Amino acid sequence: MEEVAFRILICFLASAGAGIGTGFAGMSAATVISPMLVTFLDLPAYDAIGIALASDVLASAVSARTYAKSGAIDLKNGFVMMCGVLSMTLVGSWLSSFVPDGTLGGFSVFMTLVLGLKFLLLPSVKPRHTMQDSSRVMQIVKGAAGGCCIGLICGFFGAGGGMMMLMVLTMVLGYELKTAVGTSVFVMTFSALTGAASHFALGNMPSLDLLLLCVVFTLIWAQIAARIATQASPERLNRLTGVILTVIGIVLVTISLL
């Protein structure tokens, strides 16, 4: 009984961090869920990544719907980026099946901490209009190339896709944070679905109780966070996102060192 309660507690805490990160910052749920399931429940990393990607699907879809209601999604360029992401997510998932458990996920932890500090120190409050200033051809090239890189990382590490997408959208394509997060969770809905399906197809089906718990808890917290984020001012959203990512990054670094 105590073991069951402990498993539920770990899933709840991991999913809470993942859902809040998804709703506020478009962060991949795998950034939090994967290392916690591996560290506290001794789950194989490949199975943990599959559960985390599956948890991303509904959480990202619900968050995207909330952002869409407030007009904070760029569907035109989102579709272009999504094509690049999906084309390389399968490749990344296939490559990760050849990598030992211990080498997966370190990059995403580092990226989470870096982006948290970035939004605290260098907030993305207003769009730089780099997408509007570029020709449509350049917009497509930038979006597709960025999507390919994101898809490869998302499929390979099972995490970091949301962080990389947020970095590309804010730093390269010039989006303000709210639209960047909305577009990011829209694309992540499909990239997570593709990544989870390929993980389950290439490996074994994970524990169904852990899968169900993580999916439900992540969905609930992502919906709560997305509703708060769409009503927050750009300045407050940057601070909230920065604090959340920095705290999660520090926790993950601490866990990885234990």
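## Exercises on an all-helix model

H1, helix H2 (30-41) and helix H11 (234-257) each supply at least two residues to the lining of the second largest pocket. This is a predicted model, in which local features need pLDDT of at least 70, side-chain atom pairs count only at pLDDT 80 or more, and totals for chains, interfaces and linings use all residues. Residues are numbered from 1 along each chain as its sequence is written, and side-chain values use heavy atoms, with hydrogens and water left out.

**Exercise 1.** Find which helix gives the largest share of the lining of the second largest pocket.

*Solution.* Start with the elements: the protein has 11 helices and zero strands, where helices (H or I, at least four residues) and strands (E, at least two) are DSSP runs numbered from the N terminus. Next, take the lining, where H11 contributes the largest share with six residues.

**Exercise 2.** Locate the salt bridge that a search of the whole structure finds, and state which helices it joins.

*Solution.* A salt bridge is a side-chain nitrogen of Lys or Arg within 4 Å of a carboxyl oxygen of Asp or Glu. By this rule, the side chains of aspartate 209 and arginine 7 meet at 3.1 Å, N to O. Aspartate 209 lies in helix H10 (residues 208-231) and arginine 7 in helix H1 (residues 2-25), so the pair ties together parts that are 202 residues apart in sequence.

**Exercise 3.** Decide whether aspartate 209 is buried, partly exposed or exposed.

*Solution.* Buried means under 20% relative accessible area, exposed over 50%, and partly exposed in between (1.4 Å probe, protein chains only). With a relative accessible area of 38%, aspartate 209 is partly exposed.
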